[in-house]
Amino acid sequence: MARAGLTADRLTQAAAELADEVGFENVTVSALARHFGVKDASLYSHIRNAQDLRVRLAVLALAELADQVAEAIAGRSGKGALVAFANAYRAYAREHPGRYTATQMALDPDTAATSAAGKHAEMTRAILRGYDLWEPDQTDAVRLLHSTFHGYVSLERAGAFHSHPRGVEASWTRALDALDSVLRAWPD
């Protein structure tokens, strides 16, 4: 075990890379052990089980995505912030498909509270304040944005848009234009 230099952080990082290669749902303790050339039992002194590994991976992915989005939206407001947020979100999903799937994992309340999930929510709400949206409209708008971003990314990843001659980039840009229009004209 010492030869492999195993730590919980190293296992989590390797699991993230594995998720991007084979899919989040295929990340198992056995697959990770094979990656390091050790027996499954060698990993249990660093992680509790496969669920613990997946939770660690989700927390890592949420932090990475939050950092990428924060960098993209820094110094921007209004539509510029919305587009930067959306593009960073989409880029992360494209570059890290397994990790992106992990960001959608339901976390227990304690884990969620200590993860970057709150940072995501706060960045989204900051964008919405630029549109002069406050509660309860903010919550509705957060859900609209997440549903649109996740839905588009998921359908794009599944190849659902590639059978039409209109390019996916053009549709993405129009979807963001439409979201901006909806947010600016939010109904009372």
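Which helix does Gln138 lie in? Keep that one in mind; we will pick it up near the end of the tour. This is a predicted model, so please read everything below as a walk through computed coordinates.

**Stop 1: the whole chain**

Start with the protein chain in cartoon view. Its secondary structure comes to nine helices and zero strands, which reads along the sequence as α-α-α-α-α-α-α-α-α. The C-alpha trace spans about 60 × 40 × 25 Å along its principal axes. If you colour by accessibility, you will find that 40% of the 188 residues count as buried. For a contact map, take the contacts with a separation of 6 or more: residues 24 or more positions apart account for 69% of them.

**Stop 2: helix 1**

Select residues 8-22, which make up helix 1. With 15 residues at 1.5 Å a residue, helix 1 should span 21 Å, and its end C-alpha atoms are 20 Å apart, which agrees. Now show side chains for Ala8, Leu11, Thr12, Ala14, Ala15, Ala16, Leu18 and Ala19, the buried residues here. What covers them? Bring up helix 2, helix 3 and helix 5, which are among the elements doing so. Step past the end of the helix and you reach Gly23, where phi is positive, near 100°.

**Stop 3: helix 2**

Move on to residues 29-36, helix 2. Val29, Ala31, Leu32, Ala33 and Phe36 are buried in this helix, and the buried residues pack against helix 1 and helix 3. Another glycine follows: Gly37 comes after helix 2 with a positive phi, near 70°.

**Stop 4: helix 3**

Select residues 50-73. For the 24 residues of helix 3, 1.5 Å a residue gives an expected span of 34 Å, and the end C-alpha atoms are 34 Å apart, so the two agree. Zoom in on the N-terminal end: Asn49 caps it, with a side-chain oxygen 3.1 Å from the backbone nitrogen of Gln51. Just after the helix, at the other side of your selection, Gly75 takes a positive phi of about 80°.

Next, display the buried residues of helix 3: Asp52, Leu53, Val55, Leu57, Ala58, Ala61, Leu62, Leu65, Ala66, Val69 and Ile73. As you look down the helix, remember that an α-helix has 3.6 residues a turn, so residues three or four places apart point the same way. The cover over the buried residues of helix 3 includes helix 1, helix 2, helix 4, helix 5, helix 6 and helix 7.

**Stop 5: where helix 3 meets helix 4**

Add residues 78-95, helix 4, to the view. Two packed helices are described by the angle between their axes and the distance between the axes. Here the axes of helix 3 and helix 4 come within 8 Å and cross at roughly 145°, and the crossing is right-handed. On the helix 3 side, select Ala61, Glu64, Leu65, Gln68, Val69, Ala72 and Ile73; they meet Ala81, Ala84, Phe85, Ala88, Tyr89, Ala91, Tyr92 and Glu95 in helix 4. The residues of this contact divide into 12 nonpolar, one polar and two charged.

**Stop 6: Arg99**

Centre on Arg99 in helix 5. Is this arginine buried or exposed? Arg99 counts as buried because its relative accessibility is 7%, under the 20% cut-off. Its side chain makes a polar contact with the side chain of Glu64, at 2.9 Å. Leaving aside neighbours within four places in sequence, Arg99 is in contact with Gln13, Ala16, Glu17, Ala19, Asp20, Leu57, Ala61, Glu64 and Tyr92.

**Stop 7: helix 8**

Time to settle the opening question: Gln138 lies in helix 8, residues 137-157. Gln138 is buried, with a relative accessible area of 5%. Beyond its neighbours within four places in sequence, Gln138 is in contact with Arg125, Leu128, Arg129 and Leu133.

Stay in helix 8 and select Phe149. At 2% relative accessibility, Phe149 counts as buried. Setting aside neighbours within four places in sequence, Phe149 is in contact with Leu82, Phe85, Ala86, Tyr89, Trp172, Leu176 and Leu179. For a last distance to draw, join the C-alpha atoms of Phe149 and Tyr89: the two residues are 60 apart in sequence and 7.6 Å apart in space. Tyr89 also belongs to the contact between helix 3 and helix 4, so you can follow it back to Stop 5.

Terms used: Residues numbered from 1 in each chain as written. Heavy atoms only, no water. Helix = DSSP H or I, 4+ residues; strand = E, 2+ residues; numbered from the N terminus. Expected span 1.5 Å × (residues − 1). Buried < 20%, exposed > 50% of the residue type's maximum accessible area, 1.4 Å probe, protein only. Contact = heavy atoms within 4.5 Å. Polar contact = N/O pair within 3.5 Å; in protein donor to acceptor, adjacent residues only side chain to side chain. Axes fitted to C-alpha atoms, helices over the stretch in contact; angles between N-to-C directions. Left-handed = near helix turned anticlockwise from the far one by under 90°. Nonpolar A, V, L, I, M, F, W, Y, C, P; charged D, E, K, R; others polar.
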